[in-house]
Amino acid sequence: MSLTKSISADAATLTIHIKGKFDFNLVQSFRQAYAQIDKSITKVIIDLRETDYMDSSALGMLLNMQKSIDTQVNKFEISNCQPQLKKILQISRFDKKFDIS
């Protein structure tokens, strides 16, 4: 499992890529990925293209992220979800707080 982040060419979008399992082992690195983002960031994308598992701690991390940078970021997106992950997010009603694709 690993986590990487990238910033768009216009410096407005932060993308956090998660590979493998999205669980409690990523708490520190996930928090660090968004902790000190530049003021120009207005959109955050969590890319789950290579994520095959997520647990309740991942849901908590997503909520904590949104809560801590909500005043700066106006759009949160969870993208490239595998069907089983998308179902977890929808059952948990995350589609009310995040754009999910």
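**Exercise 1. In this predicted model, find which residues form one aromatic cluster with Phe 30, and then place that cluster in relation to the largest nonpolar core.**

Solution. Step one is to identify the members: in this predicted model, Phe 22, Phe 30 and Tyr 34 make up one aromatic cluster. Step two is to turn to the largest nonpolar core, which comprises 31 residues, and to note that Phe 22 and Phe 30 are listed, together with Ile 46, Leu 62 and Met 65, as the residues with the most contacts inside it. Step three is to ask which elements supply this core: two or more residues each come from strand E2 (13-22), helix H1 (27-35), strand E3 (43-54), helix H2 (56-69), strand E4 (75-79) and helix H3 (83-91), and H2 contributes the most, with six residues. Step four is to follow one of these core residues outwards, for Met 65 is in contact with Phe 30, Tyr 34, Val 44, Ile 46, Phe 76 and Phe 98 once its neighbours within four places in sequence are set aside. As background, nonpolar side chains tend to be buried together in soluble globular proteins.

**Exercise 2. Describe the geometry of the aromatic pair formed by Phe 76 and Phe 98, and work out which parts of the chain this pair ties together.**

Solution. Begin with the count, since a search of the whole structure returns four aromatic pairs. For Phe 76 and Phe 98, the ring centres are 6.1 Å apart and the planes stand at 75°, so the pair is classed as edge-to-face; the cut-off needed for this step is an angle over 60 degrees. Next, locate the two partners: Phe 76 belongs to strand E4, whereas Phe 98 sits in the loop between H3 and strand E5 (99-100), and therefore the pair ties together parts that are 22 residues apart in sequence. Then examine the accessibility, where Phe 76 counts as buried at 5% relative accessibility and Phe 98 counts as buried at 2%. Finally, note that Phe 98 also pairs with Phe 94, in a stacked arrangement with 5.6 Å from centre to centre and 5° between the planes, and that Phe 94, at 6% relative accessibility, is buried.

**Exercise 3. Decide whether Asp 47 is buried or exposed, and establish which side chain it joins through a polar contact.**

Solution. First, assign the residue to its element, which is strand E3. Second, apply the cut-off for burial, namely under 20% relative accessible area; Asp 47 has a relative accessible area of 6% and is therefore buried. Third, look for a polar partner, and the side chain of His 17 is found to be joined to that of Asp 47 by a polar contact of 3.5 Å. Fourth, complete the surroundings: leaving out residues up to four places away in sequence, Asp 47 touches Thr 15, Ile 16, His 17, Ile 18, Ser 79 and Asn 80.

**Exercise 4. Asn 80 and Ala 11 each have a positive phi; determine where each residue lies.**

Solution. Start with Asn 80, one of the residues touched by Asp 47, which is found in the loop between E4 and H3, has a phi near 55°, and is partly exposed with a relative accessible area of 31%. Continue with Ala 11, which lies in the loop between strand E1 (2-7) and E2, shows a positive phi of about 60° although it is not a glycine, and is partly exposed with a relative accessible area of 29%. To judge these values, recall that most residues other than glycine have a negative phi.

**Exercise 5. Establish over which ring Lys 21 lies, and which residue 30 positions away along the chain has its C-alpha atom 5.9 Å from that of Lys 21.**

Solution. The first step places Lys 21 in strand E2, where it counts as partly exposed at 43% relative accessibility. The second step names the ring, since Lys 21 lies over the face of Tyr 53 at 5.7 Å from the ring centre. The third step identifies Thr 51, whose C-alpha atom is separated by 5.9 Å from that of Lys 21.

Key: Residues are numbered from 1 along each chain as its sequence is written. This is a predicted model: local features need pLDDT of at least 70, side-chain atom pairs count only at pLDDT 80 or more; totals for chains, interfaces and linings use all residues. Side-chain values use heavy atoms; hydrogens and water are left out. A nonpolar core is a set of buried Ala, Val, Leu, Ile, Met, Phe, Trp, Tyr and Cys residues joined through side-chain atoms within 4.5 Å. Buried means under 20% relative accessible area, exposed over 50%, partly exposed in between (1.4 Å probe, protein chains only). Helices (H or I, at least four residues) and strands (E, at least two) are DSSP runs, numbered from the N terminus. Contact means heavy atoms within 4.5 Å. A polar contact is a pair of N or O atoms within 3.5 Å; within protein, one must be able to donate a hydrogen and the other to accept it, and residues adjacent in sequence count only if both atoms are side-chain atoms. Rings of Phe, Tyr and Trp (its six-membered ring) pair if their centres lie within 6.5 Å; planes under 30 degrees apart count as stacked, over 60 as edge-to-face and the rest as tilted. A charge sits over a ring if NZ of Lys or CZ of Arg is within 6 Å of the ring centre and within 35 degrees of the ring normal.
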